[in-house]
Amino acid sequence: MATDKTSRTDLLGPVTLAVGQEDLLLDRAVREVVAAARAADADTDVRDLTSDQLQPGALAELTSPSLFAERKVLIVRNAQDLSADSVKDVKGYLDAPIEDITLVLLHAGGAKGKGLLDAARKAGAREVACPRTTKPAERLTFVRQEFRTLGRSATPEACQALVDAIGSDLRELASAVTQLTADVDGTIDEAVVGRYYTGRAEASSFNVADRAVEGRAAEALEALRWSLSTGVAPVLVTSALAQGVRAIGKLLTARGGRPADLARELGMPPWKIDRVRQQMRGWTPDGVALALRAVAEADAGVKGGGDDPEYALEKAVVAVARAARAGRGGR
């Protein structure tokens, strides 16, 4: 991630190399470059490409001079998977980058595609480390940095309590930090985290999510109404729904294996792998995408984008439950 010391000039250098497998950090590296480019030129042309979309010869076309001479940002995801001919094109471009074009290469690291990685580094690319966090201490450091980045103070106990409550998903941790800093004045302590993310509120919001991802709409709606009536914050429900659907999505795309192996791969405890496996019946990748969109809409609704947060939540719960049943032929 770019730090406060990273200038706009650095961000708009010819090449940014984001290395690692942590999706949140990779996405942030891209957003920082795009934001800096659009601050310099609101009409910046942004092209976001996967490795299979960057066919041989495509880079030359994308970097060719424009009649309007606008700034460009070219993003290449999974650069380690580029074909040999496309790698040759990128290496050639690195030798003579074009002014007002920033090339952002997202690379998983490791041995695959190492030649391109080495070439980008040799060319003086600005490098952003995006390692996957695998240890609790790394997640704790991440949470502390999130609070610092937002200019807020949180006690060590609060940071630890948040990691314990949320788990290993950096997106969820970042979302929780953002929510706490938006809602709470002053130093954030363990009691505040407990009020938001542990105890009865956590149990009831995750009960709503569990029933929804299992396709049990009526039970999920009943649990939702009980939760809201007992004072559970709507944002906790949308957070729990998002976590539940994302866990389904992760396991759907994971390679088969023992719970312990999958736990290491996906950053979930083994007991959660077993639970999610039981909840997966009926889910499809398209269903996951639809459910995540529904939850995102509800999240916007409960944070002020709609007039009726309760209705937004009910709509999301029904959408998630329907998505869970889609693979079984349910409607």
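I will go through one helix packing, the salt bridges and two backbone angles in this predicted model.

Start with the helices. Helix α12 covers residues 234–253 and helix α16 covers residues 309–326. Their axes are 11 Å apart, and the packing angle is about 15 degrees. Angles under 35 degrees count as roughly parallel, so α12 is roughly parallel to α16. The crossing of the two is left-handed.

Which residues of α12 and α16 make the contact? From α12 there are P234, V237, T238, L241 and V245. From α16 there are L313, A316, V317 and V320. By class, this contact has 8 nonpolar residues, 1 polar and no charged.

Next, the charged pairs. Side chains of opposite charge can pair when their charged atoms come close. How many salt bridges does the count come to? It comes to 15, and I will show three pairs and a network.

The first pair on my list is R126 with E32, where the N to O distance is 4.0 Å. R126 is in strand β5, residues 126–130, while E32 is in helix α2, residues 23–40. The two are 94 residues apart, so this pair links distant parts of the chain. As for exposure, R126 has a relative accessible area of 16%. The cut-off for buried is under 20%, so R126 is buried.

The next pair is D118 and K114, with 2.9 Å from N to O. Both lie in helix α5, residues 114–122, and they are 4 residues apart, about one turn of the helix. Are these two buried, partly exposed or exposed? D118 is partly exposed at 35% relative accessibility. K114 is also partly exposed, at 42%.

Then there is E214 with R211, where the closest N and O atoms are 3.2 Å apart. Both of these residues are buried.

As for the network, D27, D48, R77 and R171 are joined into one by salt bridges that share partners.

Last, the backbone. Two non-glycine residues to look at have positive phi: N78, near 55 degrees, and D100, near 70 degrees. Where do they sit? N78 is in the loop between β3, residues 72–77, and α4, residues 84–95. D100 is in the loop between α4 and β4, and β4 covers residues 101–107. N78 counts as partly exposed, with 39% relative accessibility. D100 is partly exposed as well, with a relative accessible area of 35%.

That is the end of my part.

Note on methods. Residues numbered from 1 in each chain as written. Predicted model: local features only at pLDDT ≥ 70, side-chain atom pairs only at ≥ 80, totals over all residues. Heavy atoms only, no water. Axes fitted to C-alpha atoms, helices over the stretch in contact; angles between N-to-C directions. Parallel < 35°, antiparallel > 145°, perpendicular 65-115°, else oblique. Left-handed = near helix turned anticlockwise from the far one by under 90°. Contact = heavy atoms within 4.5 Å. Nonpolar A, V, L, I, M, F, W, Y, C, P; charged D, E, K, R; others polar. Buried < 20%, exposed > 50% of the residue type's maximum accessible area, 1.4 Å probe, protein only. Salt bridge = Lys/Arg side-chain N within 4 Å of Asp/Glu carboxyl O.
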